[in-house]
Amino acid sequence: MEKYIDAFVNSFIGNMDWTWRSIIFDVPWHMNYFWGLTIISLIVWTLEITFPWRKEQSIFRRDFWLDAFYMYFNFFIFAIAISGFYKFLGLVFNDIGISSKSLTIIDLSAMPMWGQLLIFFIVLDLAQWFTHVLLHKYAFLWKFHKVHHSVKEMGFAAHFRYHWMENIIYKPLKTLGVMVLGGFEPEQAYIVHFAAISIGHFNHANIKITWGPLKYILNNPVMHLYHHAYTLPKGTYGINFGISLSIWDYIFKTNYVPEDSGSIELGFPGDETFPRDFFHQNIYGLGKRKKE
Ligand SMILES: [Zn+2]
Ligand SMILES: [Zn+2]
């Protein structure tokens with residue numbers, strides 16, 4: 001038992017130390033997610049201000065600061081705590097004889113780096129697309145995902161407004177994806193992580209980009225705005241589930257973009273009574289269900 005506790009504590013402290021050293025520029029630039037996230041945010045925000053899609057939307061839109069807080073909270077604070085938890089799980093799996101290599105289907109290590117990164121990106125994105133579908137399909141998961149859909153005015157930082165439980169819900173399939181690929185992230189996986197952050201920021205930004213014919217492959221702000229639509233097409237529990245790639249929605253016929261004015265109402269039926277502050281949003285869905 002002691003080694004489990006040690007693994008958790010060491011990983012927790014190690015991550016806290018890493019985060020602090022990132023802030024003071026004491027880690028290699030390509031692994032500096034703190035400043036990476038900050039710079040990507042400033043670039044996308046500048047583009048929003050310069051080329052706004054909804055021109056009447058304020059630069060400091062509704063809940064701007066709430067979402068800015070979510071961004072750093074979800075990216076760092078929780079990552080610090082959860083990394084310890086997964087170190088702990090890793091040890092447990094190891095002890096019962098499941099190694100990260102036992103599920104390998106595609107061995108990435110035999111490929112050139114660009115191939116490794118591309119496949120890593122695609123597999124991880126598919127795992128997340130599928131998890132996202134589940135978040136909409138099942139009521140007990142939708143309760144948590146409602147936080148992300150409580151955004152009423154869309155801007156880049158809304159990308160990171162989500163319930164802390166989503167960090168946990170996304171992890172199993174993402175981990176499975178990594179295991180299928182040989183159980184480790186490619187050496188330059190940071191390129192994929194930074195690309196995913198940038199694409200996610202753009203998808204939520206107040207900028208009208210559709211990428212032309214590439215829209216069938218790449219997710220975009222017009223398509224993702226409809227994912228946040230208050231009124232869904234009849235008979236669906238959601239549309240446009242794509243994270244970085246839109247291709248899964250076109251393959252599985254969950255795509256829906258009827259127009260591109262950017263003026264649709266966002267949210268979900270009942271969001272009038274949904275908590276508005278960080279604390280109550282993050283305890284939402286935990287505990288006993290109240291009568292609705
Ligand atoms: Zn969603
Ligand atoms: Zn979103």
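**A note on helices α5 and α6 and the zinc site**

1. A good place to start is the pair α5 and α6, whose crossing is left-handed. Please keep in mind that this is a predicted model. The contact draws on L141, F144, H145 and H148 from α5, and on M165, E166 and I169 from α6. Sorted by class, the contact of α5 with α6 has 4 nonpolar, 2 polar and 1 charged residues.

2. Now the geometry of this pair. Helix α5 covers residues 139-149 and helix α6 covers residues 165-180. They pack at an angle of about 120°, and their axes lie 10 Å apart. Angles of 65 to 115 degrees count as roughly perpendicular and those over 145 as roughly antiparallel, so α5 is oblique to α6.

3. Next, the metal. Which residues coordinate the zinc ion (ligand 1)? The donors are H132, H136, H145, H149 and H227, each through NE2, at 2.1 to 2.2 Å. H145 is worth a second look: it is a zinc donor and also one of the α5 residues in the contact with α6.

4. Along the sequence, the donors of the zinc ion (ligand 1) follow the spacing H-x3-H-x8-H-x3-H-x77-H. H149 and H227 link distant parts of the chain, sitting 78 residues apart. H149 belongs to helix α5, while H227 belongs to helix α8, residues 221-227.

5. Are H149 and H227 buried or exposed? Both H149 and H227 are buried.

6. Finally, there is a second zinc ion to have in view: ligand 2 is separated from the zinc ion (ligand 1) by 5.9 Å.

Conventions
Residues numbered from 1 in each chain as written. Chains lettered and ligands numbered in written order. Predicted model: local features only at pLDDT ≥ 70, side-chain atom pairs only at ≥ 80, totals over all residues. Heavy atoms only, no water. Axes fitted to C-alpha atoms, helices over the stretch in contact; angles between N-to-C directions. Helix = DSSP H or I, 4+ residues; strand = E, 2+ residues; numbered from the N terminus. Parallel < 35°, antiparallel > 145°, perpendicular 65-115°, else oblique. Left-handed = near helix turned anticlockwise from the far one by under 90°. Contact = heavy atoms within 4.5 Å. Nonpolar A, V, L, I, M, F, W, Y, C, P; charged D, E, K, R; others polar. Donors = N, O, S within 2.8 Å, 3.2 Å for Na, K, Ca; no water. Buried < 20%, exposed > 50% of the residue type's maximum accessible area, 1.4 Å probe, protein only.
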